[in-house]
Amino acid sequence: MIIVENLVKRYGSHRAVDGITFEVAKGELFGLLGPNGAGKTTTIGVLSTLLPADGGRASIGGHDVAGDPGGVRRLIGVVPQEIALYQDLNARDNLLFWGRIHGLGGKALGTRVERLLELVALGEHARQKVETFSGGMKRRLNLAAGLIHNPEVLFLDEPTVGIDAQARTKLLALIGDLAADGLTIIYTTHYLEEAEQLCHRIGVIDQGRMVAVGDKEDLISQIGDEDRVRVQVPSERHRALTSAAETWPGVDSVSERRGKLEIRVADGGAVLPPLQAWLAAEGLDLAQLEVIRPNLETLYLNLTGRGLRE
Ligand SMILES: Nc1ncnc2c1ncn2[C@@H]1O[C@H](COP(=O)(O)OP(=O)(O)OP(=O)(O)O)[C@@H](O)[C@H]1O
Ligand SMILES: [Mg+2]
């Protein structure tokens with residue numbers, strides 16, 4: 001449904017999107033995961049025909065974004081990062097407005113607006129001005145506005161920023177339902193948990209480049225699927241623990257890391273009994289023990305040398 005090849009977008013000499021390539025299948029929920037300034041919004045801007053590309057190509061449903069922007073626009077809905085609603089209009093009038101922009105009208109538009117208000121659970125607030133809405137309500141109405149013309153592809157640019165955990169959970173469930181109904185979605189976020197929970201496949205974007213693409217398991221296997229067990233013991237015991245750990249089942253390596261010993265092992269749980277027995281025999285306490293499973297955060301750190309949350 002979406003094909004992106006070597007896409008480049010520059011602002012002056014700065015390459016905000018620096019040759020990215022990925023594809024999204026029909027009905028897929030594709031996450032574009034990256035920190036502030038990674039190039040997520042710029043990518044969405046080019047794909048939604050708002051920004052001209054400086055290199056590469058992209059097409060949506062077979063329509064080239066540069067060659068046939070009208071064809072692309074008919075297929076896509078965009079839910080922008082900045083809320084795009086009229087504060088002094090009520091919820092229903094906002095949706096009617098966006099519907100008319102898309103050339104809809106009459107009874108069909110009225111019915112569509114009521115259905116969408118129900119979908120985003122704002123039916124009871126249809127006549128309420130947007131300026132009185134909570135952050136979560138605005139985000140839901142923003143989503144409804146992007147769906148008004150029944151698009152086949154939806155771009156969601158950080159749709160959960162600024163809302164509380166409960167509102168976020170509801171919004172994520174709604175987005176999951178939309179994908180289950182066959183909508184193709186690109187979902188940008190800098191929240192790892194959201195990408196992990198919600199998306200079928202994830203592209204990790206950093207400084208305008210796609211540093212990894214795949215489903216969660218693919219991505220994690222790129223960093224190796226070993227657990228790391230970290231344990232703090234006095235430095236004079238490091239050598240003894242290293243020798244002991246090397247004899248335990250499944251242990252691949254033992255190394256020192258910031259004053260702690262790090263045991264790389266196929267299954268962290270399996271070394272806990274011998275480790276605890278060793279600590280007890282040495283008369284050491286068990287408090288400083290940590291099992292780290294590979295996750296997207298470690299992948300991101302490995303790929304970029306930085307944490308996603310920085
Ligand atoms: N209109 C613009 N003019 C100049 N530089 C820009 C413009 N818009 C974005 N940039 C720069 O391009 C880079 C990518 O920005 P972009 O907004 O695409 O990132 P993002 O991944 O969406 O970040 P965020 O998570 O903060 O929304 C950044 O370095 C940004 O400063
Ligand atoms: Mg952005």
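How do the residues of the shell around ligand 1 divide into nonpolar, polar and charged? The shell has three nonpolar, eight polar and one charged. Gly counts as polar here, and Lys as charged.

This is a predicted model, in which local features need pLDDT of at least 70, side-chain atom pairs count only at pLDDT 80 or more, and totals for chains, interfaces and linings use all residues. Residues are numbered from 1 along each chain as its sequence is written, with chains lettered from A and ligands numbered from 1 in the order in which they are written.

**Ligand shell.** Residues around ligand 1 (C-beta atom, placed from the backbone, within 6 Å) include Y11, A16, N36, K40, Q81 and H190. Helix 1 (residues 40–47) gives the most, with three residues. Helices are DSSP runs (H or I, at least four residues).

**Helix 5.** Ten residues from K138 to L147 are buried, that is, 20 or more other C-beta atoms lie within 10 Å of their own. Helix 5 is therefore largely enclosed by the rest of the structure. Its length agrees with expectation, at 1.5 Å times one less than the number of residues.

| Helix 5 item | Value |
|---|---|
| Expected span | 18 Å |
| End C-alpha separation | 19 Å |

Its cover includes strand 6 (76–79) and helix 6 (165–180).

**Cores.** The largest nonpolar core (buried Ala, Val, Leu, Ile, Met, Phe, Trp, Tyr and Cys residues joined through C-beta atoms within 7 Å) has 63 residues. Helix 5 supplies the largest share, five residues. Apart from this core lies another, of 11 residues, V229 and L261 among them.

Methods:
Helices (H or I, at least four residues) and strands (E, at least two) are DSSP runs, numbered from the N terminus. A residue is buried if 20 or more other C-beta atoms lie within 10 Å of its own, exposed if 12 or fewer, and partly exposed in between; C-beta atoms are placed from the backbone. Two residues are in contact if their C-beta atoms, placed from the backbone, lie within 7 Å.
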